[in-house]
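I opened this entry to keep track of what I looked up, one place at a time. The notes below follow the order in which I went through the model.

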Amino acid sequence: MVTTDPSLRSATRRRIILFPTPFQGHINPMLQLANILHTHGFQITIIHAKFNAPNPSNHPHFSFKPINDGFAEIADQLATNQDATYFRKYLNKSCEDPFRDCLAGLLAEPGQDPVACLITDAAFYFAQAVADELKLPRMVLRTSNLGCVLAYDWKNRSGSEWNLGSSQYSRSSSEMQWLPRHYEPFFEVSSASPSYRWKINKRCRRWLKTLICRRIGSTFPDSDYEASVPEFPLVKFKDIAKITTNPHGMGEFVTNMFTQMRASSGIIWNTFKELEESDLETISKDFPVPSFTLGPFHEYFPATSSSLIEQDRTILSWLDKQAPKSVVYVSFGSGARITESEFQEVAHGLSNINFPFVWVVRPGTVAGSEWLESLPENFVEGMGERGRIVKWSPQHEVLAHPATGCFWTHNGWNSTLESICEGVPMICSPCYADQPINARNVSDVWKIGVFLEDGFERTGIEMAIKRVMMDKEGEEIRERISCLKEKVKLSLDEGSSHAKGDLKDIQVRERILS
Ligand code: UDP
């Protein structure tokens with residue numbers, strides 16, 4: 001927790017208005033940031049969508065202003081549509097007028113402290129024009145890491161020719177295209193079959209070859225699926241299928257978001273300098289507005305109070321009974337979905353290992369099922385006391401528990417950061433958006449986890465868990481992630497990171513007020 005600095009409290013109190021996008025992985029860091037700013041003397045108002053609204057009674061020190069988001073009209077598509085940018089683009093349109101009205105009303109409220117600035121999620125790119133219109137500085141919170149934004153911003157930094165495996169193609173993409181057009185077949189994979197998102201199997205490869213051949217008159221050698229994408233060297237060709245089902249939509253979304261980030265008064269990142277030192281300089285050049293790496297936010301304020309689903313705390317006493325570093329913790333976050341057969345493979349994989357496990361099965365995780373109906377017969381009886389299945393966990397506490405030995409994760413950025421901060425090695429099963437990029441960083445760059453390359457298959461799952469929990473490789477991974485954990489602790493204790501440094505030295509405050 002941040003301790004309140006009286007010198008800050010004595011200064012004139014100013015108001016900050018924050019506006020999160022209504023998704024768990026975005027609400028958590030925004031409310032954590034709000035708490036950090038509140039502790040440093042700011043009054044906090046949260047404007048929020050009615051969809052996935054935060055619970056005001058968990059934050060009695062903030063005031064909340066709901067706006068009509070129009071989301072109810074498309075909310076039922078969440079269960080079937082895996083195109084994350086579709087929902088974000090929709091909200092950028094549907095929230096614009098209600099947000100402007102709400103903000104204008106707040107600014108005109110009599111007898112209130114003046115508003116110092118607006119902080120919105122970077123994904124709410126429409127808010128820059130509203131802030132300009134109302135003459136209010138807007139800062140953005142970008143809830144991903146720096147490396148991921150640099151990867152998405154490849155167009156800004158690349159030349160004009162791209163490679164597709166061994167062949168060369170000239171630039172043909174429109175401004176709104178995220179990756180060159182000839183990569184489209186890779187994107188289309190995950191809309192063709194949900195399983196192709198997790199695994200490019202033989203059938204999928206055949207299908208891709210036909211598509212690529214039809215589009216650009218060339219084939220794609222099998223070996224190249226494992227190759228790095230030239231414009232995007234961190235990810236492999238086979239990862240592209242996971243990133244989006246809609247490259248045009250994503251191109252437009254990313255272009256709008258980055259344009260408005262560059263027009264903002266500054267960018268706040270939930271990451272820490274020691275993890276991404278080399279990218280910090282590039283980010284400052286690519287986004288020539290002040291950047292603040294203030295994370296990891298959850299080290300100051302846990303996400304418990306902003307959880308949209310009730311956390312099952314009974315697993316904590318169960319964890320108390322397990323041996324140190326013996327438990328496999330499995331959770332794929334708030335949005336990832338798997339098919340029934342993949343779900344069964346996960347269950348078989350967990351049955352076949354001897355380690356205790358906690359498995360978060362969020363209702364809706366399995367396409368077409370309410371909750372656990374698709375579990376293999378006798379799974380629960382066979383699991384006995386060795387495993388626990390819950391709908392939602394107090395994840396931060398599970399990861400911090402001495403019994404937790406590894407985290408099988410979808411690599412949402414919050415989950416990845418939480419695992420790093422607790423020194424828990426990861427098994428990576430990314431699903432969409434920035435997750436494959438985070439996962440490649442974890443497995444190939446920071447080397448603090450293993451990538452479950454071939455989707456959900458029981459033998460692959462068993463092998464990955466054994467690699468992390470039993471093998472020498474796992475020991476080395478544990479050592480590396482423990483070092484990173486120490487770096488986080490040191491940076492927080494000594495105030496050496498931008499996070500504590502900026503907060504202590506009031507740079508953020510000065511920046512916001514200037
Ligand atoms: N989380 C939780 N309980 C769970 C699973 C996740 O409290 O059982 C929290 C987790 O600690 C993290 C957030 O939900 O703060 C998920 O965010 P992330 O960026 O990892 O993934 P997303 O849900 O956005 O895909």
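**Entry 1: a loop residue with positive phi**

I began with Ala-433, which I found in the loop between strand 16 and helix 20. Its phi is near 55°, a positive value in a residue other than glycine. I note here that I am working from a predicted model.

**Entry 2: helix 20**

From that loop I went on to helix 20, which spans residues 435–445, and counted how much of it is covered: nine of its 11 residues are buried, so the helix is largely enclosed by the rest of the structure. The buried residues run through Gln-435, Pro-436, Ile-437, Asn-438, Ala-439, Arg-440, Asn-441, Val-442 and Ser-443. I then asked which elements the buried residues of helix 20 pack against. The partners are helix 7, strand 9, helix 12 (237–243), helix 19, strand 16 (426–428) and strand 17 (449–451). Just after helix 20 I recorded a positive phi of about 55° at Lys-447.

**Entry 3: the chain as a whole**

I stepped back to the whole chain, which holds 24 helices and 17 strands. Of its 514 residues, 58% are buried, and its accessible surface comes to about 20,100 Å², with 50% of that belonging to carbon and sulfur atoms. Among contacts with a separation of 6 or more, 71% join residues that are 24 or more positions apart. The chain is divided into domain 1 (15–159 + 253–299), domain 2 (203–243) and domain 3 (313–492); the centres of domain 1 and domain 2, taken over C-alpha atoms, are separated by 34 Å.

**Entry 4: the ligand**

Which residues are closest to the ligand? Of the 19 residues that surround it, the closest are Ser-334, Ser-393, Asn-414, Ser-415 and Glu-418. I looked at polar atoms next, and found a backbone N or O atom of Ser-393 at 2.7 Å from a nitrogen atom of the ligand, while a polar side-chain atom of Asn-414 lies 2.8 Å from a ligand oxygen atom. The ligand has 530 Å² of accessible area on its own, and the protein covers 94% of it. I also noted Trp-392, where an N or O atom in the side chain is 3.4 Å from a nitrogen atom of the ligand. Helix 2 (24–39), strand 12 (327–331) and helix 19 (413–422) each supply at least two residues of the surrounding shell, and helix 19 gives the most, with four residues.

**Entry 5: Thr-143**

I turned to Thr-143, placed in the loop between strand 5 (138–142) and helix 7 (146–152). Is Thr-143 buried or exposed? Its relative accessibility is 7%, and since the cut-off for buried is under 20%, Thr-143 counts as buried. Leaving out residues up to four places away in sequence, I listed its contacts as Gly-25, His-26, Pro-29, Asp-121 and Trp-413. With His-26 there is also a polar contact between the two side chains, at 3.4 Å.

**Entry 6: two further buried residues**

Thr-85 is found in helix 4, residues 84–94, and at 9% relative accessibility it counts as buried. Again leaving out residues up to four places away in sequence, Thr-85 touches Gly-249, Met-250 and Phe-253. Glu-231 sits in the loop between strand 8 (228–229) and strand 9 (232–236) and counts as buried at 11% relative accessibility. I took its C-alpha to C-alpha distance to Ser-306, which is 37 Å, the two residues being 75 apart in sequence.

**Entry 7: the faces of helix 14**

In helix 14 (residues 277–286) I listed Leu-280, Ile-283 and Asp-286 as the buried residues. Seen down the axis of helix 14, these fall within an arc of 130°, so they line one face of the helix. An α-helix has 3.6 residues a turn, so residues three or four places apart point the same way. On the other side of helix 14, I recorded Ser-278, Glu-281 and Lys-285 as exposed.

**Entry 8: backbone details in two more loops**

I closed with the backbone, where a cis peptide bond joins Gly-295 and Pro-296, with omega about -5°. Pro-296 lies in the loop between strand 11 (291–293) and helix 15 (314–320). Asn-378, in the loop between strand 13 (357–360) and helix 17 (379–383), has a positive phi of about 65° although it is not a glycine, and at 53% relative accessibility Asn-378 counts as exposed.

Note on methods. Residues are numbered from 1 along each chain as its sequence is written. This is a predicted model: local features need pLDDT of at least 70, side-chain atom pairs count only at pLDDT 80 or more; totals for chains, interfaces and linings use all residues. Side-chain values use heavy atoms; hydrogens and water are left out. Buried means under 20% relative accessible area, exposed over 50%, partly exposed in between (1.4 Å probe, protein chains only). A polar contact is a pair of N or O atoms within 3.5 Å; within protein, one must be able to donate a hydrogen and the other to accept it, and residues adjacent in sequence count only if both atoms are side-chain atoms. Contact means heavy atoms within 4.5 Å. Accessible areas come from the Shrake-Rupley method with a 1.4 Å probe; for residues, only the protein chains shown count as cover. Domain bounds come from an automatic or database domain assignment. The arc is that of the directions from the helix axis to the C-beta atoms. A residue is near a molecule or strand if one of its heavy atoms lies within 4 Å of it.
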